[in-house]
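Dear colleague,

I am passing on to you the structure that follows, together with notes on what was found in it. Please read the notes with the model open beside you.

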Amino acid sequence: MQLSFSAEDRAFQQEVRSFLKDYLPPRRRAQERLGIALSRDEYVQWHRILYERGWVAPTWPKEYGGPGWTVTQRFIFEEELGEAYAPRPLPYGLVMCGSMLIRFGTPEQKAFYLPRILSAEDLWCQGYSEPGAGSDLAGLQTRAERRGDRYVVNGTKIWTSYAHYANRCFCLVRTARGARKQDGVSVLLIDLERPSVTIRPIIGLDGLHYLNQVFFDNVEVPATDLVGEEGDGWKIAKYILGHERVGVASFARARKLLARLKKIAAAERDAGRPLIETDAFRRKVAEIEIELTSLQTTGLRVLAALSADREVGPEASLLKIRGTEVEQRISELMSEAIAWYGHPYDGPVLKDGWNEPPIGPDYAATVNPFYFFWRKASISGGSNEIQRNIIAKRTLGL
Ligand SMILES: Cc1cc2nc3c(=O)[nH]c(=O)nc-3n(C[C@H](O)[C@H](O)[C@H](O)COP(=O)(O)OP(=O)(O)OC[C@H]3O[C@@H](n4cnc5c(N)ncnc54)[C@H](O)[C@@H]3O)c2cc1C
């Protein structure tokens, strides 16, 4: 699929470019380029810059505060963010919870929550996984018992990304025991600032804190914060996962990573020659470039489905598998290219930057933390093995 932009699209592209040139804080750009994590305040600041411009929720319809863009404009916007090394705002409110409420929320829920998501007054996290219920998500045990006009929630969620940044959680809970495990699952919107909620950090392989375990101990939730009907949770969860998996693959970001890999491989030498000029390394880079081009085409097909308000089917799984594999492969090749300069790595470099004298070339400092960080990509959002099962069942009919 070849995209040729109309004159209006090219004008829009220029508008996005000059906005990013003027408003993207240089430190955010540098953080994104080096793969350094953003603090809560930094996320909120960048979110609000996009919000002020009316561009923070590209996928939302205009009536809810979205920019009302065409698929091509959304594509251009994503690409320009990637080109400019602009971080993406956290997706849990804007992409997942927002899309869910637009589709399944009551008028009151939309009126209350959507503006707060847009303005970053609320930051959300996603409460799906539990100890013992990850791939087998329907096995979740967190209970919500209806008592009058409230639910009382007990249980725990794990691997909850950025729960320590968030003040709300959209949560899968069990409201009944049905014939199938998928029955009796519901979605509740939970205020994390209640005293009976505890959030504990989990430190990742890269030494950083973005994961958490969240505990609910008799947490009271107003019944008006149930999304859809009781028992609709499985249907809603699948809808949100489609959006999540599409969001996982960013080809603009992957292209920038590939460009960074090429720069590193041009600077590093193998027996006196730039690494990028050796046949073996060139072949590896070419393979990734081909993968990335086909990934981009699939991404456009999925965007078209989303804009026509069609459910995103197994293509989202395909995108998730390939998108994460490509980025993992790039991170592996970067690590291979810098060789021993990667050994003295330090995880917190990704969070706070680095003010020690560099060991080896500047670009080497974040390569291995980034490699470790990306190991998670094939697990979060539903592991790639599970995505393959979905394709086998729903596309191949196996
Ligand atoms: C960095 C990160 C961020 C995350 N953020 C969130 C979040 O914000 N909110 C949230 O709710 N969850 C989050 N998760 C959880 C994530 O969704 C789960 O880790 C994932 O679904 C896998 O579940 P599990 O960890 O329980 O592994 P398990 O389900 O125990 O799987 C272990 C291994 O067995 C394989 N496996 C399991 N079942 C099958 C099968 N039927 N066929 C083939 N292979 C199988 C899996 O692929 C995996 O390799 C996050 C995870 C990570 C790593």
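A residue is called buried here when its relative accessible area is under 20%, exposed when that area is over 50%, and partly exposed in between. By that cut-off Y162, at 13% relative accessibility, counts as buried. Please keep in mind throughout that this is a predicted model.

Y162 is placed in the loop between strand 3 (150-158) and strand 4 (168-174), and its phi, near 55 degrees, is a positive value in a residue other than glycine. As a general matter, most residues other than glycine have a negative phi. N218, which lies in strand 7, also has a phi near 55 degrees, again a positive value in a residue other than glycine. With a relative accessible area of 44%, however, N218 is partly exposed, because that value falls between the two cut-offs.

Strand 7 also holds N212, which counts as buried because its relative accessibility is 0%. The side chain of N212 is joined to that of H209 by a polar contact of 2.8 Å. Leaving aside neighbours within four places in sequence, N212 is in contact with a run of residues that includes K157, I158, W159, T160, S161, Y162, A163 and H164, and also with I199, R200, P201 and I202. Y162, described above for its phi, is thus one of the contacts of N212.

Turning to the ligand, which residues are the closest to it? Of the 19 residues that surround the ligand, the closest are S135, W159, S161, S383 and E385. By class, this shell has six nonpolar, 11 polar and two charged residues. Strand 7 (209-222) and helix 13 (384-395) each supply at least two residues of the shell, and the largest share, three residues, comes from helix 13.

Several polar atoms of the protein can be paired with nitrogen atoms of the ligand. A backbone N or O atom of Q126 lies 2.8 Å from a nitrogen atom of the ligand, and a backbone N or O atom of W159 likewise lies 2.8 Å from a ligand nitrogen atom. In the case of N389, an N or O atom of the side chain is 3.1 Å from a nitrogen atom of the ligand. Taken alone, the ligand exposes 970 Å², and the protein buries 65% of that.

Is E385, one of the closest residues to the ligand, buried or exposed? E385 lies in helix 13 and counts as exposed, because its relative accessibility is 54%. The C-alpha atoms of E385 and I321 are separated by 8.6 Å, although these residues are 64 residues apart along the chain.

Away from these residues, I would point you to the nonpolar core and to one loop. The largest nonpolar core has 110 residues, of which M100 and F170 touch the most other members. Not counting neighbours within four places in sequence, M100 is in contact with G105, F170, V187, L189, V227, I236, Y239 and I240.

The loop is the one between helix 6 (107-118) and strand 1 (124-127), where S119 is found. S119 counts as buried because its relative accessibility is 14%, and it touches H47, R48 and Y51, residues up to four places away in sequence not being counted. The C-alpha atoms of S119 and E325, 206 residues apart along the chain, are separated by 33 Å.

With best wishes

How values were computed
Residues are numbered from 1 along each chain as its sequence is written. This is a predicted model: local features need pLDDT of at least 70, side-chain atom pairs count only at pLDDT 80 or more; totals for chains, interfaces and linings use all residues. Side-chain values use heavy atoms; hydrogens and water are left out. A nonpolar core is a set of buried Ala, Val, Leu, Ile, Met, Phe, Trp, Tyr and Cys residues joined through side-chain atoms within 4.5 Å. Buried means under 20% relative accessible area, exposed over 50%, partly exposed in between (1.4 Å probe, protein chains only). Contact means heavy atoms within 4.5 Å. A residue is near a molecule or strand if one of its heavy atoms lies within 4 Å of it. A polar contact is a pair of N or O atoms within 3.5 Å; within protein, one must be able to donate a hydrogen and the other to accept it, and residues adjacent in sequence count only if both atoms are side-chain atoms. Accessible areas come from the Shrake-Rupley method with a 1.4 Å probe; for residues, only the protein chains shown count as cover. Helices (H or I, at least four residues) and strands (E, at least two) are DSSP runs, numbered from the N terminus. Ala, Val, Leu, Ile, Met, Phe, Trp, Tyr, Cys and Pro count as nonpolar, Asp, Glu, Lys and Arg as charged, and the others, Gly among them, as polar.
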